[in-house]
Amino acid sequence: MSAPEADQPVTRSDTGLAHGSMTQVDVLAQSVAGMAPSAAMATTPALIALYAGNGAWLSYVCATVVVILVGLVATQFGRRFASSGSLYSYVARGLGPASAFTAGWGLVIGYAFIAMIGVVGAGLYFGAFLGGLGLPAGGTIAVCVILVITAVGAAAFAIIGIKISTRVGLVLEIVSVAAVLVVLIAVLAGDPAGSNSAQFSFSGLSFDGVAFGIVLGVLGFVGFESAASLGAEARNPHRAIPRAVLGSAVLVGILYIFAAYTMVRGFGDPGTLGQSTAPISDLAGLYGLGGVSWIVDLGITASFFAVTIACINASSRILYTMGEEGILPGRLGRAHPTHKTPHVAIAVIAPVVLVVPVILVLVGFEPLEVFTYTGTIGTFGYMLAYLLMAVALPAFLRRRGELNPLSVVLAVVVAAALLYVFYKNLVPVPDYPLNLMPWIFLGLVVIGLAWYAAMRARSPQLGEQAGTFEEEPLPPGRGPQGGAGPG
């Protein structure tokens, strides 16, 4: 036996989930829904325009490049390793159990808080839809009822089955993207309020403004890696998951760039766009589509509902894998005997997704404030997992005897880019209460690490099981088609 082969842990295959049930389209749908592209298209270009001005589209181009580089790191793992543990399992194979738990816990925090965004976003836009019909939906009780329906509905779809939930998410996302695109195409077809060439002139652009726009742009992609959580359920996971991760990043990046350019063009001035609280609806009114703004509201509601389903799907599978491997309580590693879904993990994560935003709304926070705060905390969770994955890549490939200079360069570039994103989120210090969000996130991480330390103190051998669940294991030096090479 060669040294790389001897260094590989003994692996086990999951037996509870619906193996081989997910096609390439289904796996892609998970990543696309995890980003909620239509919701991001409708909101984030206005924020980026405040900082990047006419360079908003350029910020999105750079953000897309950064995310594709992160995706390339994920595919280095995905082509060789498949598990329902997603990045938790990836990091375990490179850096060991402690770093793996940190990455997995960070990703669970990310998915949980972005699911809260989905719940709150659905409440905001469905409330606007009902208001457009003349129905009262702006009160606290009405908002909370919508939040409950969204969270319970998303959890129900997640339990019924991964195939139906991802397909429902894909259909909802297609409908919602189509609604936004109708408005954007109408803008292109109409008389522009601004010059066609203004956005391609780099004079007057601020480097810091475009750079901070990149940070905001990257945040619109978080969740694109969630297809990796379907390692136990995808057909030919070593091919389907990398394609879904990279394909979703490229597809959604194109949509974001198009949306940023068109929205600035439609308003004629990035400052005017930045002042709009509902830019797509405002553009619909400006370009003769005011009568269909309710379709936009309903479409974006669907997008937020889809991201809630996707985040519950992904987070529950990470909790399920950690439960199977003994890192978290074993009950989390149980699958439904009929639906083949991690129903216990879903039953744990769904109430958290619901209760936190409901409490915040009941104590007096506006839904948009809840949206901002939960989104900030969730993004830190994703960034932590992405960073640890990049750091783990060289060690993972070295253990397999497949380390190469390009992979090392890729890992270093991605780690540096992610550290820069962290830095720009922390410096300068945001205004209160946003300055508290990093500390809240750090507190949640410490709680998880305290659990892990206590678990290891009681049963040191449990940590050795991290990353041992693997589907269709590939021996070192073998690519996804059985051909040699690091791939």
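Begin on the surface of this predicted model by selecting Phe 207, Tyr 420, Tyr 423, Leu 426 and Val 427, which form a nonpolar patch with about 500 Å² of accessible area together. Colour helix H16, residues 405-426, and you will see the element that supplies the largest share of the patch, 3 residues. Phe 207 is found in helix H9, which covers residues 207-219; its relative accessibility is 66%, and because exposed means over 50%, Phe 207 counts as exposed.

From the patch, step along the chain from Val 427 to Pro 428, where the peptide bond is cis, with omega near 0°. Pro 428 lies in the loop between H16 and helix H17, the latter spanning 437-458. Stay in this loop between H16 and H17, since Pro 433 is found there too, and select Tyr 432 together with Pro 433 to display a cis peptide bond with an omega of about 5°. For context, most peptide bonds are trans.

Next, move to the interior and select Val 27, Phe 304, Tyr 382, Met 383, Tyr 386 and Met 389, which touch the most other members of the largest nonpolar core, a set of 145 residues. Helix H15, residues 367-399, gives the most to this core, with 18 residues. Centre the view on Tyr 382 and show its surroundings: leaving aside neighbours within four places in sequence, Tyr 382 is in contact with Gly 106, Leu 107, Gly 110, Tyr 111, Ile 114, Val 222, Gly 223, Glu 225 and Cys 311.

Now select helix H13, residues 293-324, whose 32 residues reach 47 Å from the first C-alpha to the last, close to the 46 Å expected at 1.5 Å a residue. H13 is mostly covered, with 28 of its 32 residues buried. Following H13 is Gly 326, which has a positive phi near 85°.

Finish with two loop residues whose backbone angles deserve a look, bearing in mind that most residues other than glycine have a negative phi. Ala 36, in the loop between helix H2 (24-35) and helix H3 (37-52), is not a glycine, yet has a positive phi of about 50°. Is Ala 36 buried or exposed? With buried meaning under 20% relative accessible area, Ala 36 counts as buried because its value is 6%. Then go to the loop between helix H4 (56-78) and helix H5 (87-95), where Ser 86 has its place. Ser 86 has a positive phi near 55°, again in a residue other than glycine, and at 0% relative accessibility Ser 86 counts as buried.

Note on methods. Residues are numbered from 1 along each chain as its sequence is written. This is a predicted model: local features need pLDDT of at least 70, side-chain atom pairs count only at pLDDT 80 or more; totals for chains, interfaces and linings use all residues. Side-chain values use heavy atoms; hydrogens and water are left out. Patches are made of residues with over 30% relative accessible area and no salt bridge: like charges are joined within 9 Å, nonpolar side chains (Val, Leu, Ile, Met, Phe, Trp, Tyr) within 5 Å. Accessible areas come from the Shrake-Rupley method with a 1.4 Å probe; for residues, only the protein chains shown count as cover. A salt bridge is a side-chain nitrogen of Lys or Arg within 4 Å of a carboxyl oxygen of Asp or Glu. Helices (H or I, at least four residues) and strands (E, at least two) are DSSP runs, numbered from the N terminus. Buried means under 20% relative accessible area, exposed over 50%, partly exposed in between (1.4 Å probe, protein chains only). A nonpolar core is a set of buried Ala, Val, Leu, Ile, Met, Phe, Trp, Tyr and Cys residues joined through side-chain atoms within 4.5 Å. Contact means heavy atoms within 4.5 Å. The expected span of a helix is 1.5 Å times one less than its number of residues.
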